[in-house]
Amino acid sequence: MAIQKLKSDADFLKEVSLFDGIDDKALIQIFKLGKVVNYRPGQIIIQEGQRGGNIHIVISGRAEISKAGKELNKKKYLGDIDRGSIFGEMSVFDKGPYSATVKARQDCSIHVVKGEDFKNFLKKNPDLAYGVFSTLISLMSSRLRRANSALSLTGI
């Protein structure tokens, strides 16, 4: 894992649904809150159960999301994510551990923002915070609906 100094622009943040409708100036400020971390194929980006608290956004590459299975050393594949995908955000607001493992499938560049820095930014920008929280609630609701649907298909 290598850390890059921020030298690119924040254009990729325009592709992140959490930041829909946010102007370029604010996106640049959000970009400056974080750092870019590079991962090689097979490297773990975040580990399920690990102390959370950061927002991760895929700039480039592809990663897979999985959860531990019921049997030891078995995992359940949940899907792949790529440019513009965001993960880890739940742990920023509920202070819980990461709920899944994310592992690089390809070379990945990930923009990592410390949760406390992001929350402080939102406190200083309440109008922007309203939009972010509205989108976040919508994203969480969508994920919960998919989970409920998947559970109903398994008979649980």
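**View 1. Phe31, a buried ring in this predicted model.** Phe31 has a relative accessibility of 4%, which places it among the buried residues. Its partner here is Phe12, also buried, with a relative accessible area of 3%.

**View 2. Phe12 meets Phe31 edge-to-face.** The ring centres sit 5.8 Å apart, and the planes make an angle of 75°. Phe12 comes from the loop between strand S1 (2–4) and helix H1 (24–33), while Phe31 belongs to helix H1, so this pair links parts separated by 19 residues in sequence.

**View 3. Phe93 and Phe133 make another edge-to-face pair.** Here the centre-to-centre distance is 5.4 Å, with 75° between the planes. Phe93 sits in helix H2 (residues 89–94) and Phe133 in helix H4 (residues 126–154), so the contact ties together parts 40 residues apart in sequence. Are these rings buried or partly exposed? Phe93 is partly exposed at 31% relative accessible area, and Phe133 is partly exposed as well, at 35%. Across the whole structure, a search turns up three aromatic pairs.

**View 4. Stepping back to the fold that holds these rings: four helices and nine strands.** Starting at the N terminus, the order of elements is β-α-β-β-β-β-β-β-α-β-β-α-α. The radius of gyration is 16 Å, which agrees with the value near 15 Å for a compact globule of 156 residues. Along the principal axes, the C-alpha atoms fill a box of roughly 45 × 35 × 25 Å. Buried residues make up 39% of the 156. Of the contacts with a separation of 6 or more, 75% join residues 24 or more positions apart.

Key: Residues numbered from 1 in each chain as written. Predicted model: local features only at pLDDT ≥ 70, side-chain atom pairs only at ≥ 80, totals over all residues. Heavy atoms only, no water. Helix = DSSP H or I, 4+ residues; strand = E, 2+ residues; numbered from the N terminus. Rg over C-alpha atoms; globule rule 2.2 N^0.38 Å. Buried < 20%, exposed > 50% of the residue type's maximum accessible area, 1.4 Å probe, protein only. Contact = heavy atoms within 4.5 Å. Phe/Tyr/Trp six-rings, centres within 6.5 Å; stacked < 30°, edge-to-face > 60°.
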